[in-house]
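Student: I would like to go through this model and ask, for each label put on it, what supports that label. Could we begin once the structure is in view?

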Amino acid sequence: MKKCQECKEAVAVYQCPRCNRRTCSLKCCIAHKQNTGCNGKRDRTKFQRLEEMGDTTLRSDFHFLEDVLSTVDGGKRLMKQVGANARSSGIQNLVSEISVEEQGPNKKAKIERAPLPLKWRRLVQQAKERQTTLLLMPPGMQRHKSNTSQYHIASDVIFWKLEFIIGVQKSTTTLKKVSEDSLWIEEWRKQQKNVDLESLHFLIKKLPCPSNNRPLYITLDRKMTLKEALKGMTIIENPIIEVVVTEDLNHFPRAIQEIDSLTT
């Protein structure tokens, strides 16, 4: 049993939803908040992997979306009261416009996103020209805010944020700006100089996921540049490469890859 991280004596029975610090009582919980400045509330915009989500997370996300809709609706009523014009004042460029339409007995939420900033529109367009579909998350999401990928106009090169997720334990190595013209395997070698590559497999998730919700993976060619490896791929925010040892391959079912051309 783990000890309380505040008093270091009693067995911990509580865990802070925000920072995961363990405490044994209300007294230690309050002391933890005073000592660390933690508010004890889970960061509902922080990115969380699908396999880490549970019923508590889903309920929290549902209530969060309800709060967003309620806040936006209240803001729109307030703007009508003061006679504000959202389009002329530029507010339309800062927030998404959410409205509710009546459709029979059910209500349907209609969501129109605000225009993307120029740098993101440019990045999406340049990725498309390279036959890579780039999907971006809403601006408030942590994964989008931490995305350092960018298109460099002068050199006509995309610099990607590249993540390597290592094994089933999901430890992560993150590279902030990797040129699309570089060999992705060399970027890995720079970070893991003493690792035997022969025992490793490098996979990327095939998106969108199949209807049975079980993800499929594609094996990356080690001789390819990052640009070549991402050709024909759909990625969310930035490329994520799974690094898997042979004995764990059964956890990563591979998709059947199309062959562009055959040589005889």
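Student: In this predicted model, what covers the buried residues of helix 4?

Tutor: The cover includes strand 5, helix 5 (142–145), strand 6 (150–152) and strand 7 (157–166), and the residues of helix 4 that count as buried are Trp-120, Leu-123, Gln-126 and Ala-127.

Student: How do you know that these buried residues are on the same side of helix 4?

Tutor: They cover an arc of only 130° around the axis, and therefore they sit on the same side of helix 4. An α-helix has 3.6 residues a turn, so residues three or four places apart point the same way. On the other side of helix 4, Lys-128 and Glu-129 are exposed.

Student: What makes the span of helix 4 agree with what it should be?

Tutor: At 1.5 Å a residue, the 12 residues should span 16 Å, and because the end C-alpha atoms are 16 Å apart, the two values agree. Just after helix 4, Gln-131 takes a positive phi of about 65°, although Gln-131 is not a glycine; this residue lies in the loop between helix 4 (118–129) and strand 5 (133–135).

Student: Where does Lys-8 lie, and why is Lys-8 called exposed?

Tutor: Lys-8 belongs to the segment before strand 1 (14–15), and its phi is also positive, at about 65°, although Lys-8 is not a glycine. Its relative accessible area is 54%, and since exposed means over 50%, Lys-8 is therefore called exposed.

Student: How many disulfides does the rule give, and why is Cys-28 not bonded to Cys-24?

Tutor: The count comes to zero disulfides. The rule asks for sulfur atoms within 2.5 Å, whereas the closest cysteine sulfur to that of Cys-28, in Cys-24, is 3.7 Å away, so the pair is too far apart for a bond. Cys-38 is likewise in no disulfide, with the nearest cysteine sulfur, that of Cys-16, at 3.6 Å.

Student: Are Cys-28 and Cys-38 buried or exposed?

Tutor: Buried means under 20% relative accessible area; Cys-28 has 10% and therefore counts as buried, and Cys-38, with 12%, is buried as well.

Student: Which peptide bond is cis, and where is the proline placed?

Tutor: The bond from Leu-207 to Pro-208 is cis, with omega near -5°, and Pro-208 has its place in the loop between strand 9 (200–206) and strand 10 (216–219).

How values were computed:
Residues numbered from 1 in each chain as written. Predicted model: local features only at pLDDT ≥ 70, side-chain atom pairs only at ≥ 80, totals over all residues. Heavy atoms only, no water. Helix = DSSP H or I, 4+ residues; strand = E, 2+ residues; numbered from the N terminus. Buried < 20%, exposed > 50% of the residue type's maximum accessible area, 1.4 Å probe, protein only. Expected span 1.5 Å × (residues − 1). Arc of directions from axis to C-beta. Contact = heavy atoms within 4.5 Å.
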